[in-house]
Amino acid sequence: MTEALDPETPLHLSVTCPDVETAKLLGRRALSARLVACANVLPGVSSLYWWQGTLCEDAEVLLSFKTLERHRTALAALIAQGHPYELPAITWVPVAMSDDLAAWITAETEG
């Protein structure tokens, strides 16, 4: 269950992707929609997980966004719509940060 957060709460929202190209495409889409202030593409992730009863191991890319709670639903929908996985692993956590960084995220996502 998701706990209700203040709409202005800063978040790190992340999703794994099959490759750098997919991660960059989703990152650019989110930036163009002004849903995020920053997208970080981190290749070299080794993922081990259960999928449909099978233990899997894959090389993936972690895509991490700096955003606000008020953009979470739209951002998750944008990712789900453009993601090649049947079930993209979209996760988010509220984060503490400096007032200046929070103000930058707010300013960059107001468009």
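In these legends, helices (H or I, at least four residues) and strands (E, at least two) are DSSP runs that are numbered from the N terminus. The model is predicted, and local features therefore need pLDDT of at least 70 while side-chain atom pairs count only at pLDDT 80 or more, although totals for chains, interfaces and linings use all residues. Residues are numbered from 1 along each chain as its sequence is written, and side-chain values use heavy atoms, with hydrogens and water left out.

**View A. The whole chain, with its order of helices and strands.**
The protein chain has three helices and four strands, and along the sequence these follow the pattern β-α-β-β-α-β-α. The radius of gyration of the protein chain, taken over C-alpha atoms, is 14 Å, close to the 13 Å that the globule rule gives for 111 residues, so the chain is as compact as a globular protein of that length; the globule rule is 2.2 Å times the number of residues to the power 0.38. Taken along the principal axes, the box filled by the C-alpha atoms of the protein chain is roughly 45 × 30 × 25 Å. Of the 111 residues, 37% count as buried, where buried means under 20% relative accessible area, exposed means over 50%, and partly exposed lies in between (1.4 Å probe, protein chains only). Among contacts (heavy atoms within 4.5 Å) between residues at least 6 apart in sequence, 75% join residues at least 24 apart.

**View B. The largest pocket and its lining.**
The largest pocket holds about 220 Å³ of space. On a 1 Å grid over the protein atoms alone, a pocket is an open set of points with protein on both sides within 12 Å along at least five of seven lines, whereas a cavity is a set of points where a 1.4 Å probe fits but cannot get out, and lining residues have an atom within 4 Å of a point. Grid points are joined across faces, edges and corners, and a volume is the space filled by probe spheres set on the points. The lining consists of Thr-16, Ser-47, Leu-48, Tyr-49, Trp-51, Glu-60, Tyr-85, Glu-86, Leu-87 and Ala-89, and its largest share, four residues, comes from strand β2 (residues 38-51). By class, the lining has six nonpolar, two polar and two charged residues, given that Ala, Val, Leu, Ile, Met, Phe, Trp, Tyr, Cys and Pro count as nonpolar, Asp, Glu, Lys and Arg as charged, and the others, Gly among them, as polar.

**View C. Glu-86, in the loop between α2 and β4.**
Glu-86, one of the residues that line the largest pocket, is found in the loop between α2 (72-82) and β4 (91-94), and its relative accessible area of 65% makes it exposed. Leaving aside neighbours within four places in sequence, Glu-86 is in contact with Trp-51 and Gln-52. The C-alpha atoms of Glu-86 and Pro-43, residues that are 43 apart along the chain, are separated by 21 Å.

**View D. Two residues with positive phi that are not glycines.**
Gln-52, a contact of Glu-86, sits in the loop between β2 and β3 (54-68), where it has a positive phi of about 50°; Gln-52 is exposed, with a relative accessible area of 61%. Arg-34, found in the loop between α1 (20-32) and β2, has a positive phi of about 60° and is partly exposed, at 33% relative accessible area.

**View E. Val-45 in strand β2.**
Val-45 is partly exposed, with a relative accessible area of 22%. Not counting residues up to four places away in sequence, Val-45 touches Asp-58, Ala-59, Glu-60, Val-61 and Leu-62. Val-45 and His-71, 26 residues apart in sequence, are 26 Å apart in space, C-alpha to C-alpha.

**View F. Cysteines without a disulfide partner.**
The structure holds zero disulfides, a disulfide being a pair of cysteine sulfur atoms within 2.5 Å. Cys-38 is in no disulfide, and the nearest cysteine sulfur, that of Cys-17, is 15 Å away; at 19% relative accessibility, Cys-38 counts as buried. Cys-56 is likewise in no disulfide, the nearest cysteine sulfur being that of Cys-17 at 17 Å, and Cys-56 counts as buried at 17% relative accessibility.

**View G. Ala-103 in helix α3.**
Ala-103, which lies in helix α3 (residues 99-108), is partly exposed, with a relative accessible area of 45%. Its C-alpha atom and that of Pro-10 are separated by 9.8 Å, although the two residues are 93 apart along the chain.
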